[in-house]
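Subject: Structure handover

Hello,

Please find the structure below, followed by notes on what came out of it. The notes start with a definition and then go through the chains and the contact between them.

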Amino acid sequence: MEEVKGGSSSSAIRSSNIGFQLLKKCGWTEGTGLGVAEQGRLEPIQVHAKNDKQGLGSRKINNNNKNKRHQLLRDSTSKDNEAKKKAKALSKRAKKLQEQEKKLQDKEFERAFFREFWPDNV
Amino acid sequence: MSTERKRKVSLFDVVDDTSASAKLSRMNGGAGGNGVVSGVNRWNGRPYSQTYYEIFEKRRTLPVWQQKDEFLQVLKNNQTLILVGETGSGKTTQIPQFVLEAVDIETPDKRKKMMIACTQPRRVAAMSVSRRVAEEMDVTIGEEVGYSIRFEDCSSAKTVLKYLTDGMLLREAMTDPLLERYKVIILDEAHERTLATDVLFGLLKEVLKNRPDLKLVVMSATLEAEKFQAYFNGAPLMKVPGRLHPVEIFYTQEPERDYLEAAIRTVVQIHLCEPQGDILVFLTGEEEIEDACRKINKEIGNLGDQVGPVKVVPLYSTLPPAMQQKIFDPPPPPLDELGPPGRKIVVSTNIAETSLTIDGIVYVIDPGFAKQKVYNPRVRVESLLVSPISKASAHQRSGRAGRTQPGKCFRLYTEKSFSNDLQPQTYPEILRSNLANTVLTLKKLGIDDLVHFDFMDPPAPETLMRALEVLNYLGALDDEGNLTKLGEIMSEFPLDPQMSKMLVVSPEFNCSNEILSVSAMLSEARVSSATASSGFYATSGGMNHRKLLRLMQVVAVSQFSLMKKWEAQKAADEAKARFSHIDGDHLTLLNVYHAYKQNSEDPQWCYENFVNQRALKAADNVRQQLVRIMSRFNLKLCSTDFNSRDYYINIRKAMLAGYFMQVAHLERTGHYLTVKDNQVVHLHPSNCLDHKPEWVIYNEYVLTSRNFIRTVTDIRGEWLVDIAPHYYDLTNFPSCEAKRVLERLYKKREKEREDSKNRK
């Protein structure tokens, strides 16, 4: 038996779940995010537990492998593949948006950083 | 008018709207300007004291004073404004006072005034800042200036400026949806994005539409200012310069194999090679910090007399306040007049990143990690995990080196790592938290469309699903998602929904007195390890493996200097054994509480028994507050006869009625599996059970190298079937050993029912 860490992936909540149904009753549509423009993130945040003292960047966690396993797990458990596909298409769009946002954030960070340390520059 | 002295009232009381002294209103406006001219304090009509003038001179040198007029102009012309400024600009203490001077807080009713609220993410900050501001305004704390935090309200009918935790403002909104007692609301430290602040954002946006006279000031550090601006419909943005000197940043050439070792090495190097100035090292948790302190002392001790003396000070949230104060001690003097200077080395969790400011720090060492709260709705576990910090955090950390003079920051990672491995911002707490309590609050606030609520960063749908699921199983929401009567009562308790449920149903089990004590002890145990409402910053020092009850730990640590560690631990273990209840930790907590009361709260007794008196006193206060809420809803206070066989059984059953979703089953393999989620867990070594029960309820799921469940109590399988059949519904249950056991239990119950029918 494998210990699943709280931060690692596991299968998504199924549509038979009462919480799933209650959220639908609140007006949620599968495959969309929350928020005024339904712009919210689709997947919960995944964090990998770190249990050693290895420094930052000293060992790249093999993300690709993890994702693959995750995918397999999901495929084997998912019943409604169609909804999944829809979600995928949407998440692609969301990814693009996220990337764009990330770029913007990075830029802003840089600007803020300089503003902060060299206030005279502003 | 009996409001002269400081008043401690229930946090749910609405501040009295009578009895504000009328004479104050006469003075109002007259003193204007800087408030110094008249020599008479506008707020209490007394002449200013000498200290007032002394402090005033210092206040005027704060950067924020240079923009006072500009700020007041922008405030006058706008309903919402965003003020950006780093720590040290004086915004937290000065802005609310500026607002107070400029805004008309009179109401048609001469006796009452409207208030200014300033929220803080942390309890400690709300308390200490309000004290400071009361001093600056030359008034008594709790009168014109007050604070309000969970379980403690230090404000009165006279209060015009109130510092409060963001969580408290949210609770106030539950009884006063339009926050009508406030004229201006200031959300401070908005960049920390605590759960409560994020919810307040969405809520206040709505309130502002309905209250044109209300104003909102959002105060934040630099980084997300533009995002705030966009969210608040382009509200004007004002910048206040901080007081920062340039900080030089150094990266490593190669990634470090062991960041702890690297951090210690860097400390030693700085001490050997760099000019005078104190060092701040960021590490992840209590154990690591204590370990590092020992090693630093040893390494520098090995260098002998040719290097200056050092004072190594740990800092984390579970450290008792007296020990925390040590970070403000001056560095040690040189050994002899011509010797190398001494240095103070503070080894801290990320509390030193934003919450606590230590002057004199010139060097910062940043390994790039912190303990963060994360919640995975898929396995329903909220835990503290060590993970890489964000660029924003790294930036904040480096800024700590430039408070007093130009400084240096040593990042124990490569520049490439900085740009590739760190995300730009720390995820806001709302994305990392269990939202059951938040959803209950939102429902109580009348927000029914949770899906389209104006979250700045909407959480993942699954997080909300879990919250709705939990509340539905607890009976707080019906199958349509509407708040039930039970849910309404539950929302009045400032506790987790599980605990609120346990309290509300405890009279049915004839043990509400005992459940009140257990709840108070549990919430105080948590409070003492995580000082604030906001998880991330305050709980960073939270995790702890000592084989002690947490209530006792603090004492053991502080006696550390008197006894050798193992001796202290042994003695504390013995003391703990005295209160142990073999059926569980919850019952042990109850025993401790009872013993404390039986010994008339004697400090000496506490000391001798390794019981943390401060924590117990706080728990007692919490209990009183909870009793008030109970009686407000006519929930009976009752106990089973102590000599009855059912005394502890009833308590355990009542606990199960709240915590039936936090149950683990002992498998034949000897492991525990959490019910439904089937996670392998282990009993935390701090448990006081003398056996491995087949079923346990647990209070907390702790993730370290192994998955632990902490604070556990033995319960019987039959009770699951009796008390929570809707959750233990086998048609909707993953197949596992527990399911087969439950099947047998259901059959047994059915047979019993039939037998009794036949007998009739």
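A residue is called buried under 20% relative accessible area, exposed over 50%, and partly exposed in between, with a 1.4 Å probe and protein chains only. By that rule, both B:Arg466 and B:Glu469 are buried.

The model is predicted, so local features need pLDDT of at least 70 and side-chain atom pairs count only at pLDDT 80 or more, while totals for chains, interfaces and linings use all residues. Residues are numbered from 1 along each chain as its sequence is written, chains are lettered from A and ligands numbered from 1 in the order in which they are written, and side-chain values use heavy atoms, with hydrogens and water left out.

The two chains

Helices (H or I, at least four residues) and strands (E, at least two) are DSSP runs, numbered from the N terminus. Chain A has three helices and zero strands, in the order α-α-α from the N terminus on. Chain B has 28 helices and 22 strands.

Of the 122 residues in chain A, 30% count as buried; of the 760 residues in chain B, 65% do. Accessible areas come from the Shrake-Rupley method with a 1.4 Å probe, and for residues only the protein chains shown count as cover. Chain A exposes about 8300 Å², with 51% supplied by carbon and sulfur atoms. For chain B the exposed area is about 29000 Å², with 50% from carbon and sulfur atoms.

A contact means heavy atoms within 4.5 Å. In chain A, 53% of the contacts between residues at least 6 apart in sequence join residues at least 24 apart. In chain B, residues 24 or more positions apart make up 73% of the contacts with a separation of 6 or more.

The interface

Chain A puts 59 residues into the contact and chain B puts in 77 residues. Buried area is the accessible area (1.4 Å probe) that two parts lose on being put together, summed over both. For chain A and chain B this is about 6100 Å², of which 63% is on carbon and sulfur atoms.

A salt bridge is a side-chain nitrogen of Lys or Arg within 4 Å of a carboxyl oxygen of Asp or Glu. The rule finds three salt bridges across the interface of chain A and chain B. One of them joins the side chains of A:Lys25 and B:Glu480, at 3.5 Å from N to O. A polar contact is a pair of N or O atoms within 3.5 Å; within protein, one must be able to donate a hydrogen and the other to accept it, and residues adjacent in sequence count only if both atoms are side-chain atoms. Nine residue pairs are in polar contact between chain A and chain B, both residues being at pLDDT 80 or more.

On the side of chain A that touches chain B, α1 (18-25) and α3 (81-117) of chain A each supply at least two residues. The largest share, 10 residues, comes from α3(A). The residues of this side divide into 22 nonpolar, 22 polar and 15 charged. Here Ala, Val, Leu, Ile, Met, Phe, Trp, Tyr, Cys and Pro count as nonpolar, Asp, Glu, Lys and Arg as charged, and the others, Gly among them, as polar.

Salt bridges in chain B

Over all chains, the whole structure has 44 salt bridges. One of them pairs B:Glu101 with B:Lys68 at 3.0 Å, N to O. This pair links distant parts of the chain, with B:Glu101 in helix α4 (residues 91-102) and B:Lys68 in helix α3 (residues 68-77) of chain B, 33 residues apart. B:Glu101 is partly exposed at 25% relative accessible area, whereas B:Lys68 is buried at 7%.

B:Asp213 and B:Arg211 form another salt bridge, with the closest N and O atoms 3.1 Å apart. B:Asp213 is partly exposed at 37%, and B:Arg211 is buried at 5% relative accessibility.

The buried pair from the start of these notes, B:Arg466 and B:Glu469, is also a salt bridge, at 2.6 Å from N to O. Both residues lie in helix α16 (residues 461-473) of chain B, three residues apart, about one turn of the helix. In addition, salt bridges that share partners join B:Lys162, B:Glu172, B:Asp176 and B:Arg181 into one network.

Backbone

Most residues other than glycine have a negative phi. B:Phe151 has a positive phi, near 70 degrees, and lies in the loop between β4 (145-149) and β5 (152-154) of chain B. B:Phe151 is buried, with 5% relative accessible area. B:Arg193 also has a positive phi, near 50 degrees, and is found in the loop between β7 (182-187) and α7 (195-210) of chain B. B:Arg193 is buried at 3% relative accessibility.

Regards
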